[in-house]
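Subject: Structure handover

Dear colleague,

Here is the structure I promised to pass on. Please open it alongside this note. My findings follow below.

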Amino acid sequence: MRGLNRLKVPKTAFKITKSPMEITYKKHGTTIYFSGSDGIDDTKGIIDEDKPIKLVILDELTEFFDDGEGEDELSNIEATFVRGNSSGFQMIYLYNPPKNPNAEINQWCKKMEERSDCIHIHTTYKDVPEKWLGRSLIETAEEMMRSDYKMYRWVWLGESIGVDDLIYYMFKPEIHTYNPEEYGKESKEAIGEIGVGVDYGQQNATVFEAAGIDYENQVVRGLKEYYHSGRESGNQKSPSDYAKDLKQFCDELEKEYNRVVSYIFIDPSAAGLIEEARRQLPHIPIVSARNDVKLGISRVQKFLSFKRLLISTEQNYLIKEVGIYQYDPKSIEKGKEEPLKVKDHCVDAFRYLIAGMWKLIVYMLPMSERGDEN
């Protein structure tokens with residue numbers, strides 16, 4: 001539909017339906033079919049022996065490798081549609097290259113380049129008319145180019161730039177931290193919703209990380225931290241003990257910032273702590289945190305890249321972990337980026353917080369960087 005608008009083709013020349021999702025050119029009866037693909041059987045139903053398919057476009061190709069059967073599924077789809085086509089058949093594969101050159105889809109692309117019937121075309125936002133994109137999108141790209149050139153090369157130029165061992169490589173203490181003693185009383189009163197992220201460990205550390213929405217400066221501002229390790233301290237605590245500590249932590253926040261804590265996002269594996277926290281803090285919504293690691297990391301990275309995140313110098317453990325949090329080198333070699341499960345309790349808690357408050361804070365990012373706002 002957007003393509004018809006951009007090409008200034010009148011919609012009246014087409015029959016457009018939602019169920020089934022099709023667009024038919026009335027003059028010749030040629031039809032565009034739209035289909036998802038959870039498996040090969042989803043696309044087989046489109047085939048009509050009397051009307052052979054001449055063009056198949058597969059979009060968001062990375063999803064076939066992340067959630068599907070990858071190369072096997074693509075080969076099956078190709079074989080299904082090419083069968084019975086005498087001439088003029090084409091397939092177009094569209095995707096944004098992952099950072100990791102070792103990712104399966106990048107390896108698949110290299111194999112496809114070796115085929116004599118395949119052409120690989122790399123495009124960027126610079127290859128289409130500015131009026132299609134809008135000036136604000138181009139300004140967003142240019143802002144990222146200035147603030148984080150490496151991320152710009154991946155997001156906007158589609159280069160597989162490689163995966164740094166450091167996950168939050170863009171973190172710079174001189175840019176992303178602040179001293180709360182220099183943060184005046186009036187500024188504290190301007191803090192909006194406050195969230196707390198909680199990562200729970202029985203012997204490992206249990207961490208609370210708090211942050212508030214600074215509407216005046218359009219940043220997420222870290223506020224306060226709690227850290228206790230049974231292994232390091234020699235003092236094991238029960239979920240009930242941690243719930244009491246969480247209540248005291250929130251009481252102190254509410255007194256200091258003169259407002260009720262809006263949300264607490266707790267490690268979803270900590271069912272006992274969630275139950276105890278709901279008893280101790282009935283006035284605060286206690287939410288089982290969203291634990292999509294890849295999505296959560298990308299969201300924290302965006303806030304760091306666009307300088308929309310400040311961490312308090314009192315959040316010592318968080319600052320230390322952000323600076324050393326890294327991917328497992330072996331997972332990078334295999335094309336699957338997985339963080340090392342070492343000294344990651346604070347960054348996990350903060351990731352829960354950012355993911356949980358996403359709907360409230362996503363507007364701070366440029367429109368083109370917001371992605372799925374859920």
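In which hand, left or right, does helix 12 cross helix 13? The crossing of helix 12 past helix 13 is right-handed. Please keep in mind that this is a predicted model.

Helix 12 and helix 13

Helix 12 covers residues 239-257 and helix 13 covers residues 271-280. Their axes come within 8 Å. They cross at roughly 45 degrees. An angle from 35 up to 65 degrees falls outside both the parallel and the perpendicular ranges, so helix 12 and helix 13 are oblique to each other.

Helix 12 brings Pro239, Ser240, Tyr242, Ala243, Lys244, Leu246 and Lys247 to the contact. Helix 13 answers with Gly272, Leu273, Glu276, Ala277 and Gln280. Sorted by class, this contact has 6 nonpolar, 3 polar and 3 charged residues.

Helix 15 and helix 17

A second helix pair to look at is helix 15 (residues 316-324) with helix 17 (residues 345-356). Their axes lie 8 Å apart, and the packing angle is about 100 degrees. The range from 65 to 115 degrees counts as roughly perpendicular, so that is how helix 15 sits relative to helix 17.

From helix 15, the contact takes Tyr317, Leu318, Glu321 and Val322. From helix 17, it takes His345, Cys346, Val347 and Phe350. By class, the contact of helix 15 with helix 17 has 6 nonpolar, 1 polar and 1 charged residues.

Aromatic pairs

How many aromatic pairs does the structure hold? There are 12. Two of them are set out here.

Start with Phe65 and Trp108. Their ring centres are 6.1 Å apart and their planes stand at 55 degrees, so the pair is tilted. An edge-to-face pair would need an angle over 60 degrees. Phe65 belongs to helix 3 (residues 62-66), and Trp108 to helix 5 (residues 104-113). The two residues are 43 apart in sequence, so the pair ties together separate parts of the chain.

Are Phe65 and Trp108 buried or exposed? Phe65 has a relative accessible area of 7%. Buried means under 20%, so Phe65 is buried. Trp108 is also at 7% relative accessibility and counts as buried.

Next, Phe303 and Trp358. This pair is edge-to-face, with 5.7 Å centre to centre and 65 degrees between the planes. Phe303 lies in helix 14 (residues 293-305) and Trp358 in helix 18 (residues 358-361). With these positions 55 residues apart, the pair links distant parts of the chain. Phe303 and Trp358 are both buried.

There is a cluster as well. Phe65 and Trp108 join Tyr93 in one aromatic cluster.

Two single residues

Lys188 is part of helix 10 (residues 185-189). Beyond its neighbours within four places in sequence, Lys188 contacts Tyr183, Glu256 and Tyr257. Lys188 and Leu223 are 35 residues apart along the chain, and their C-alpha atoms are separated by 9.8 Å.

Ser262 is in the loop between helix 12 and strand 10 (263-266). Its relative accessible area is 14%, so Ser262 is buried. Which residues does Ser262 contact, leaving aside its neighbours within four places in sequence? They are Glu193, Ile194, Ile284 and Pro285.

Best regards

Definitions and conventions
Residues numbered from 1 in each chain as written. Predicted model: local features only at pLDDT ≥ 70, side-chain atom pairs only at ≥ 80, totals over all residues. Heavy atoms only, no water. Axes fitted to C-alpha atoms, helices over the stretch in contact; angles between N-to-C directions. Helix = DSSP H or I, 4+ residues; strand = E, 2+ residues; numbered from the N terminus. Parallel < 35°, antiparallel > 145°, perpendicular 65-115°, else oblique. Left-handed = near helix turned anticlockwise from the far one by under 90°. Contact = heavy atoms within 4.5 Å. Nonpolar A, V, L, I, M, F, W, Y, C, P; charged D, E, K, R; others polar. Phe/Tyr/Trp six-rings, centres within 6.5 Å; stacked < 30°, edge-to-face > 60°. Buried < 20%, exposed > 50% of the residue type's maximum accessible area, 1.4 Å probe, protein only.
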